[in-house]
Amino acid sequence: MADSAMTLSEHLARPQSSSSPTHKSVAIVIERFGRLAVEIAQELAHAALRGRLGTVGGTNFTGDQVKKMDVWGHEVAVAALRETGVCAAVVSEEAAEPVEMPDAVGPGAVVVCTDPVDGSSNLDVNGSVGTIFGVRAADGKTPAAAAALGPGTQQLAAGYVMYGPSTTLVYTAGHGTHGFTLDRASGEFRLTHPDIRIPRRGKVYGINEGNGHTWHPGQRAFVEHLKAQDKATGRPYSLRYSGAMVADVHRTLLDGGLFMYPADWSDPKKPKAKLRLLYEVAPMGMVVEQAGGRASTGLERALDVVATEYHQRASIILGSPDDVAMADEFYRR
Ligand code: FBP
């Protein structure tokens, strides 16, 4: 079946997508992420043989240790997006300042926010990692990257690539969420998961329980609720946590349940989140909502959070709509 399935390029070219210049650029950018994913998958498969495991030494502008694959991934992603000619700026996890691309101007120009290699802690242990992206209209802004600031509802498209046993690309351009699998022989992504619909409720939750002592009381009570024995409501839920947001979100999208990375509420006046709003939380929020799911911070809809800084952090609770609604309820108590 799959090898005759529609390719990513064919899917992006379908007539139903709007024909506005910006939407053409969205298709060009997503198609380019598809080809970039083939390159990254190849490099990941040979990283240990090419001396590309381990860190570059020192820490980056957010105090994190930087992996060699993070730096390489950033460079090839920026080069690929520049090559499209429609990308006016890139906000990347690996660059303190956005990369402006003044050659890309005009009505169709877009701004891309990306985490080129997500799940860095899995790189040296051959665990699943991913690439995440969100696309917004550049709107003639100067600097162009400023168009990335604002709520996640302004995203035109979003998606991710998961590098696991197979390489999967999932995207939404506001018309549902669709999944493709890389046919390594042809280098083409083929439609294997059309119009993904997340189950209303799940049986699995993903969270780093090691942070439990820092959680909001509502978050702690909610996780206790998920772990309580009650056959009638399908509890206890099972815990699954891969250490890479992309892998945990992908499982949640297909099987239902929850992925959560709540903020640290040790100081309730200043909750501290970990994941980044523009290139982790907002893109994944759009992907999940377009599949019938829900994405919350515990206190508000994740896509309503207004980004005022490029590397702003936000907490996230996403997944099956009934499960996320229940989490919000616990936060309100
Ligand atoms: P990066 O690896 O791109 O920095 O992403 C952050 C991340 O690795 C997520 O993919 C993952 O969900 C989370 O951090 C894991 O964090 P922790 O190790 O604290 O559980």
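Here are four short exercises, with worked solutions, on the predicted model above.

**Exercise 1: the nonpolar cores**

Find which elements supply the largest nonpolar core, and which residues have the most contacts inside it.

*Solution.*
- Begin with the core itself: 46 residues belong to it, and Y160 and I316 have the most contacts inside it.
- Next, look at where these residues come from. At least two each are supplied by β3 (87-92), β5 (110-118), β8 (157-163), α5 (245-255), β14 (258-261), α6 (277-289) and β17 (316-319).
- Helix α6 gives the largest share, with nine residues.
- Now zoom in on I316. Beyond its neighbours within four places in sequence, I316 has contacts that include M245, F259, Y261, L275, V281 and A302.
- Finally, look for another core: a second, separate one has 41 residues, among them A41, M101, V161 and L191.

**Exercise 2: helix α7**

Work out how the span of helix α7 (residues 321-332) fits the expected value, and what its buried residues pack against.

*Solution.*
- Check the span: the twelve residues of α7 reach 17 Å from first C-alpha to last, close to the 16 Å expected at 1.5 Å a residue.
- Then list the buried positions: P321, D323, V324, M326, A327, D328, F330 and Y331.
- Last, find their partners. The buried residues of α7 pack against α4 (217-227), β14, β15 (294-296) and β17.

**Exercise 3: a salt bridge within a helix**

Explain why E31 and R35 are about one helical turn apart, and say whether each is buried, partly exposed or exposed.

*Solution.*
- Start with the pair: the side chains of E31 and R35 form a salt bridge, with 3.4 Å from N to O.
- Both lie in helix α2 (residues 21-46), and because they are four residues apart, about one helical turn separates them.
- As a rule, an α-helix has 3.6 residues a turn, so residues three or four places apart point the same way.
- For exposure, E31 is partly exposed at 24% relative accessibility, and R35 is partly exposed at 43%.

**Exercise 4: R301 and its partners**

Identify the acidic residues that form salt bridges with R301, and locate the parts of the chain that E289 and R301 link.

*Solution.*
- Take E289 to begin with: its side chain meets that of R301 at 2.7 Å, N to O.
- This pair links distant parts of the chain, as E289 sits in helix α6 and R301, twelve residues away, in the loop between β15 and β16 (306-307).
- Then turn to D304, whose side chain also forms a salt bridge with R301, at 3.5 Å, N to O.
- Compare exposure: E289 is partly exposed at 23%, R301 is partly exposed at 34%, and D304 is partly exposed at 36%.
- To place these pairs in the whole model, note that the count comes to 16 salt bridges; E43, R50 and R52 are linked in a network of them.

Note on methods:
Residues numbered from 1 in each chain as written. Predicted model: local features only at pLDDT ≥ 70, side-chain atom pairs only at ≥ 80, totals over all residues. Heavy atoms only, no water. Core = buried A, V, L, I, M, F, W, Y, C linked by side-chain atoms within 4.5 Å. Buried < 20%, exposed > 50% of the residue type's maximum accessible area, 1.4 Å probe, protein only. Contact = heavy atoms within 4.5 Å. Expected span 1.5 Å × (residues − 1). Salt bridge = Lys/Arg side-chain N within 4 Å of Asp/Glu carboxyl O.
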